[in-house]
Amino acid sequence: MSASAFLGAPATAAPGERSILLTAAQAQRMRDAKPREAVRKSADAALKAGPWSVTTHRPENVDAGPHDYYSEGPYWWPDPKNPKGPYIRKDGERNPARFMGNRSDLGNMCSAVLSLGMGAYLLKDKRCAEHASLVLSTWFVDPQTRMNPNLEFGQAVRGHNTGRGTGIIDTVSLIHGAQGVALLEQDSLLDAKVVDGVHRWFVDYLRWMTTSKKGLDEKKSSNNHATWWTAQAAAYATLVGDAAAKTMAWDHYRNYLVPTEIQPDGSCPREEARTQSLSYSAMNLDAFAVLCRIAETNGVSLWKYRTPQGLGIETSFRYLMPFVAHPETWRKQQITKYNSDGTIFPALAGAALHAGDLLTAYRALPRSESPWVQLVDLAVTV
């Protein structure tokens with residue numbers, strides 16, 4: 001089976017038979033294709049890790065409660081002229097002293113859940129499902145250890161605020177976790193009480209994202225944050241079966257994201273204005289590709305959508321791919337080395353658009369060993 005025939009095929013699964021980036025039928029074909037040893041390696045590592053809890057590492061001298069996720073904006077630093085005063089921003093320069101406990105644990109938990117989901121479903125390893133139940137219960141369900149389903153204290157800036165809508169970018173990794181849960185649900189591998197508790201958490205978090213001031217601020221941020229907000233909303237809505245939220249995500253793509261972010265040549269000016277412009281441009285296109293892929297598994301075509309003015313994401317994929325393949329040719333600001341080993345948009349877009357050149361370029365990129373990249377790799381090569 002060709003790559004384009006796998007991910008690019010029309011999605012015909014009925015509601016409740018989708019696995020976020022994959023229809024149930026596609027997931028089954030992936031399992032039948034004898035997954036790579038890398039899946040086993042990741043699953044074995046995840047079996048020895050966790051569980052994690054938002055209550056384990058707590059910041060000092062902040063108002064957040066023990067179950068509140070807390071993080072600090074990465075580009076904010078103490079002011080040398082006023083060390084005890086409000087922090088100042090240095091775009092692209094990450095403050096290594098910022099509080100990272102909750103964000104690190106969240107990322108590790110989501111990677112583990114995806115690894116365990118792939119191990120349980122693709123390798124039929126029941127141990128993975130059992131451990132996933134513990135990991136999921138600890139983070140999402142157990143009243144002693146669960147995270148409150150909001151990001152009111154995400155990416156706080158000392159001396160300025162206790163949290164910002166910007167913090168919702170921290171939970172992009174929850175898409176990976178949700179994908180793991182969806183795989184675990186394919187063969188009813190999770191206990192029904194765990195599934196119910198996790199779904200309730202995602203319902204509540206999706207409601208907060210779509211109704212709170214911080215959530216709505218992020219929705220309208222007009223850069224990669226808005227794109228990832230929409231991709232997250234689509235993923236969580238797919239997991240819990242929220243048809244209205246899914247429709248909202250597709251409409252937001254057509255009516256806001258494409259018209260406000262993309263130029264006729266395919267560039268995204270808000271990303272190119274950053275000090276790590278190539279990194280952020282690629283990150284934004286990853287979000288667009290994930291969103292379009294989720295829409296496809298829900299039977300909605302966004303890949304070739306164009307505004308009345310002719311703006312469309314396909315142009316952006318073509319615009320950026322040569323620079324992703326050859327970062328040394330990028331002439332805009334990039335103050336750190338661009339790392340392409342986690343970039344996935346050429347794989348998802350190449351498969352959906354039957355674009356062999358994008359798939360060929362993707363296969364020539366260095367490859368991360370993360371379960372997320374493993375999943376995409378399998379999807380476009382099976």
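This is a short chat about the overall build and the salt bridges of a predicted model.

Q: What helices and strands does the protein have, and how many of each?
A: In this predicted model the protein contains 16 helices together with 4 strands.

Q: How does its radius of gyration sit against a compact globule?
A: The protein has 20 Å, which agrees with the value near 21 Å for a compact globule of 382 residues, and its C-alpha trace spans about 60 × 50 × 40 Å along the principal axes.

Q: And how much of it is buried?
A: Buried residues make up 60% of the 382 residues, while the accessible surface comes to about 15600 Å², with 52% of that belonging to carbon and sulfur atoms.

Q: Switching to charges, how many salt bridges are there?
A: The search of the whole structure finds 19, in a protein with 42 positive and 38 negative side chains.

Q: What does Asp 91 pair with?
A: Asp 91 forms a salt bridge with Arg 274, where the closest N and O atoms are 2.8 Å apart. The pair links distant parts of the chain, since Asp 91 lies in the loop between β4 and α4 and Arg 274 in the loop between α11 and α12, 183 residues apart.

Q: Are those two buried or exposed?
A: Both Asp 91 and Arg 274 are buried.

Q: What about Glu 152, which partner does it have?
A: Glu 152 forms a salt bridge with Lys 214, again with closest N and O atoms 2.8 Å apart. Glu 152 counts as partly exposed because its relative accessibility is 28%, whereas Lys 214, at 18%, counts as buried.

Definitions and conventions: Residues are numbered from 1 along each chain as its sequence is written. This is a predicted model: local features need pLDDT of at least 70, side-chain atom pairs count only at pLDDT 80 or more; totals for chains, interfaces and linings use all residues. Side-chain values use heavy atoms; hydrogens and water are left out. Helices (H or I, at least four residues) and strands (E, at least two) are DSSP runs, numbered from the N terminus. The radius of gyration is taken over C-alpha atoms; the globule rule is 2.2 Å times the number of residues to the power 0.38. Buried means under 20% relative accessible area, exposed over 50%, partly exposed in between (1.4 Å probe, protein chains only). Accessible areas come from the Shrake-Rupley method with a 1.4 Å probe; for residues, only the protein chains shown count as cover. Lys and Arg count as positive and Asp and Glu as negative; His and the chain ends are not counted. The place of a charge is taken as NZ of Lys, CZ of Arg, CG of Asp or CD of Glu. A salt bridge is a side-chain nitrogen of Lys or Arg within 4 Å of a carboxyl oxygen of Asp or Glu.
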